[in-house]
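Colleague: Could you take me through this model, with the cut-offs behind each term?

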Amino acid sequence: MKLLSVPVTIIFLLHHCGVGSLENYYWREYVGRVPEDAIVAGETAAHTNVYIGQGCVQNGGLIVGAIFPGVKEVHVPYGGDKKLDKYVKILCGPQDNFYWMSANYSNLHLEVIGKHAVIGGHEHAHGYMNIGRISYGGDIKVGKVTSYWPGKAYFYFVDNDYYWREYVGRVPQDAIVAGKTAADKNVYIGQGYVKNAGLIVGSIYPGVKEVHVPYDGDKKLDKYIKILCGPQDNFYWMSANYSNLHLEVIDKHAVIGGHEDANGYMNIGRISHGGDIIVGKISSFWPGKAHFYFIDNGSEKHVDSYQVLMYNGDNFAIDPRIKK
Ligand SMILES: *[C@@H]1O[C@H](CO)[C@@H](O)[C@H](O)[C@H]1NC(C)=O
Ligand SMILES: *[C@@H]1O[C@H](CO)[C@@H](O)[C@H](O)[C@H]1NC(C)=O
Ligand SMILES: *[C@@H]1O[C@H](CO)[C@@H](O)[C@H](O)[C@H]1NC(C)=O
């Protein structure tokens, strides 16, 4: 999943219809066959249509993602890439009634005044989201716009340039190496589910099935662990600290490592500690207080300065077209 603070185009309904607007677009069930009246959001680099999907994330809400013809599942951005293959819906209506308008995270709430931005779904914890798209690596990507945060209406979408694989003790070949231990063993990036808390980042050591993640102490997890994978060359580490992180990542792409239900998305950090590289969570959901939390010999610690995992495989160009 990616978080971009680049301009995005948002889908709007042309005629402001007030209450009657429900008749102008609707969500149909989607089980792999695209209805004739599905709204086309754009094309992939391979010239196949991209449609607008909506999936239900348990305890999360109804989240927007791209639908590709013939592909039954939809991947939606919600604390990572959520793959959904049931109860998926596809946005339908008269194509001519829609247009896309450029906006960015800071001006969206002003731009939509007196217009009708299409609602794409909602998050239980936050409210309604809009539907965005960008042109990215030759493809059109569809995703959610966090319009429930005025001034912070970012565009999130799922990109499979990196992904979390299941981890049960065997490190996949494409796992991203975060560094080495003092004993010259690789350290990888793990993510584990802490009940009632969220998806939290920690270190994975080859051959060790459990992951220890920092959440109100050392949480040892041995089920439902994921490991971050993708093309190693597309990643780099950038130095940051608790007070400047939110400024340093503007217009860059910091990798999302997970989320805390109560707080929001976290980034992935690392430090060198006693000769080891240790991976942990950055509390980036608190701008100005984005500390690095990690597990050191069974206890949770935090530090002020660290390196944050960044992604540079981005090859996006903004689609300036406004379609009617
Ligand atoms: C958002 O867009 C507006 C209007 O195009 C522009 O003036 C503003 O600088 C942009 N803001 C950011 C943060 O990109
Ligand atoms: C954070 O890093 C910036 C840039 O390197 C530096 O200017 C600033 O003093 C640092 N802040 C703290 C609190 O360490
Ligand atoms: C790690 O923790 C154990 C038990 O708390 C302690 O006995 C040991 O000395 C610690 N090791 C280091 C290197 O601090």
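The exchange below moves from conventions to domains, cores, single residues and a ligand.

Colleague: Which conventions apply to this model?
Modeller: This is a predicted model, in which local features need pLDDT of at least 70 and side-chain atom pairs count only at pLDDT 80 or more, whereas totals for chains, interfaces and linings use all residues. Residues are numbered from 1 along each chain as its sequence is written, while chains are lettered from A and ligands numbered from 1 in the order in which they are written.

Colleague: What distance separates the centres of domain 1 and domain 2?
Modeller: The domain bounds, which come from an automatic or database domain assignment, place domain 1 at 2–160 and domain 2 at 163–311. Taken over C-alpha atoms, the separation of the two centres is 29 Å.

Colleague: Which strand gives the largest share of the largest nonpolar core?
Modeller: A nonpolar core is a set of buried Ala, Val, Leu, Ile, Met, Phe, Trp, Tyr and Cys residues joined through C-beta atoms within 7 Å; a residue is buried if 20 or more other C-beta atoms lie within 10 Å of its own, exposed if 12 or fewer, and partly exposed in between, with C-beta atoms placed from the backbone. The largest core has 42 residues, and Ile10, Ile52, Ile131, Val142 and Val145 touch the most other members. Strands are DSSP E runs of at least two residues, numbered from the N terminus, and the largest share of this core, five residues, comes from strand β6.

Colleague: Is Glu300 buried, partly exposed or exposed?
Modeller: Glu300 lies in strand β28, residues 299–303, and, leaving aside neighbours within four places in sequence, is in contact (C-beta atoms, placed from the backbone, within 7 Å) with Pro214, Gly217, Asp218, Tyr293 and Ile295. Because there are 18 C-beta neighbours inside 10 Å, Glu300 counts as partly exposed.

Colleague: What is the phi of Tyr87?
Modeller: Tyr87 lies in the loop between β8 (81–84) and β9 (88–92), and counts as exposed because 12 other C-beta atoms lie within 10 Å. Although Tyr87 is not a glycine, its phi is positive, at about 55°.

Colleague: How many charged residues are in the shell around ligand 2?
Modeller: Ligand 2 is surrounded by Asn241, Ser243, Asn244, Asp304 and Ser305, each residue being near if its C-beta atom, placed from the backbone, lies within 6 Å. Asp, Glu, Lys and Arg count as charged, Ala, Val, Leu, Ile, Met, Phe, Trp, Tyr, Cys and Pro as nonpolar, and the others, Gly among them, as polar. By class, the shell has no nonpolar residues and four polar ones, and the number of charged residues is one.

Note on methods
Contact = placed C-beta atoms within 7 Å.
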